[in-house]
Amino acid sequence: MVNSVSEQLPDHSSQIITVRPDSETATLQKLPYFVGISGTTAGAKGISMNLVIIPAGGKAEPHFHRDYETAIYLVKGRVETRYGKGLSQSVINEAGDFIFIPAGVPHQPYNLSDTEAAHAIVSRNDPNEQENVVLYAPSLYS
């Protein structure tokens, strides 16, 4: 007798998981976040992927990610990210850019538009996305 498919797939580690976030999540960075893939939503062990929206004229709280890297794809908008010690450096990105932020680098993104939100897909090598976010006070390092 042939086993059914469910008998052949004993745990979630061999399942494809679909996540459709229907509400935003509050974050330490104070930006609207729509959690996609994480340890909680999909049982991920080493990655998270989310949609972040920076409202028109908005910005994140200065922060860094302890012990994990961040990869971003800017879907819509233009964003200036101030980064480094005292947030003394700056880079401007636009829709279509891929962005890499090493672990521990302080940063603060600003939406350069006063009329349209910026949208970005954010992925990290940490399935517990908010546990290693650390707020950063740039005035202490100027």
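**Side-chain contacts in the predicted model**

Gln108 is found in strand E8, which spans residues 107–111. In this predicted model, Gln108 has a relative accessible area of 6% and is therefore buried, since the cut-off for that class is under 20%. The side chain of Gln108 is not without a partner: at 2.8 Å, the side chain reaches the backbone oxygen of Ala60. Strand E8 also holds Pro109. With a relative accessible area of 12%, Pro109 is buried too. In space, Pro109 and Val79 are 6.3 Å apart, C-alpha to C-alpha, although 30 residues separate them in sequence.

Charged side chains come next. A search of the whole structure finds 1 salt bridge, and the residues that form this bridge are Glu80 and Arg82. The closest N and O atoms of Glu80 and Arg82 are 3.5 Å apart, which places the pair within the 4 Å cut-off for a salt bridge. Side chains of opposite charge can pair when their charged atoms come close. The two partners fall into separate accessibility classes: Glu80, with a relative accessible area of 16%, is buried, whereas Arg82, at 29%, is partly exposed. Arg82 has a further contact to offer, as its charged end sits over the ring of Tyr110, 3.9 Å from the ring centre. Arg82 thus takes part both in the salt bridge with Glu80 and in the contact with the ring of Tyr110.

Turning to the rings, the structure holds 2 aromatic pairs. In one of them, the ring centres of Phe64 and Tyr136 lie 6.5 Å apart, and the planes stand at 80 degrees, so the pair is edge-to-face; the angle needed for this class is over 60 degrees. This pair links distant parts of the chain, 72 residues apart: Phe64 belongs to strand E3 (residues 63–65), while Tyr136 is in the segment after strand E10 (133–135). Tyr136 has a relative accessibility of 10% and so counts as buried.

Tyr73 and Phe98 form an aromatic pair that is tilted, with 4.7 Å from centre to centre and 50 degrees between the planes. Because Tyr73 lies in strand E4 (residues 70–76) and Phe98 in strand E7 (residues 98–101), the pair ties together parts of the chain that are 25 residues apart in sequence. Tyr73 counts as partly exposed, at 31% relative accessibility. Phe98, in contrast, counts as exposed, because its relative accessibility of 69% passes the cut-off of over 50%. Both residues of this tilted pair also contribute to the surface: together with Val75, Tyr73 and Phe98 make a nonpolar patch of about 320 Å².

A final site worth a look is Ser38, whose place is in the loop between strand E1 (33–37) and helix H2 (39–42). Despite this loop setting, Ser38 is buried, as its relative accessible area is 5%. Ser38 and Asn125 are 87 residues apart in sequence, and the distance between them in space is 10.0 Å, C-alpha to C-alpha.

How values were computed: Residues numbered from 1 in each chain as written. Predicted model: local features only at pLDDT ≥ 70, side-chain atom pairs only at ≥ 80, totals over all residues. Heavy atoms only, no water. Phe/Tyr/Trp six-rings, centres within 6.5 Å; stacked < 30°, edge-to-face > 60°. Helix = DSSP H or I, 4+ residues; strand = E, 2+ residues; numbered from the N terminus. Buried < 20%, exposed > 50% of the residue type's maximum accessible area, 1.4 Å probe, protein only. Lys NZ or Arg CZ within 6 Å of the ring centre and 35° of its normal. Patch = residues over 30% accessible without salt bridge, like charges linked within 9 Å, V, L, I, M, F, W, Y side chains within 5 Å. Areas by Shrake-Rupley, 256 points an atom, 1.4 Å probe, with all protein chains shown as cover. Polar contact = N/O pair within 3.5 Å; in protein donor to acceptor, adjacent residues only side chain to side chain.
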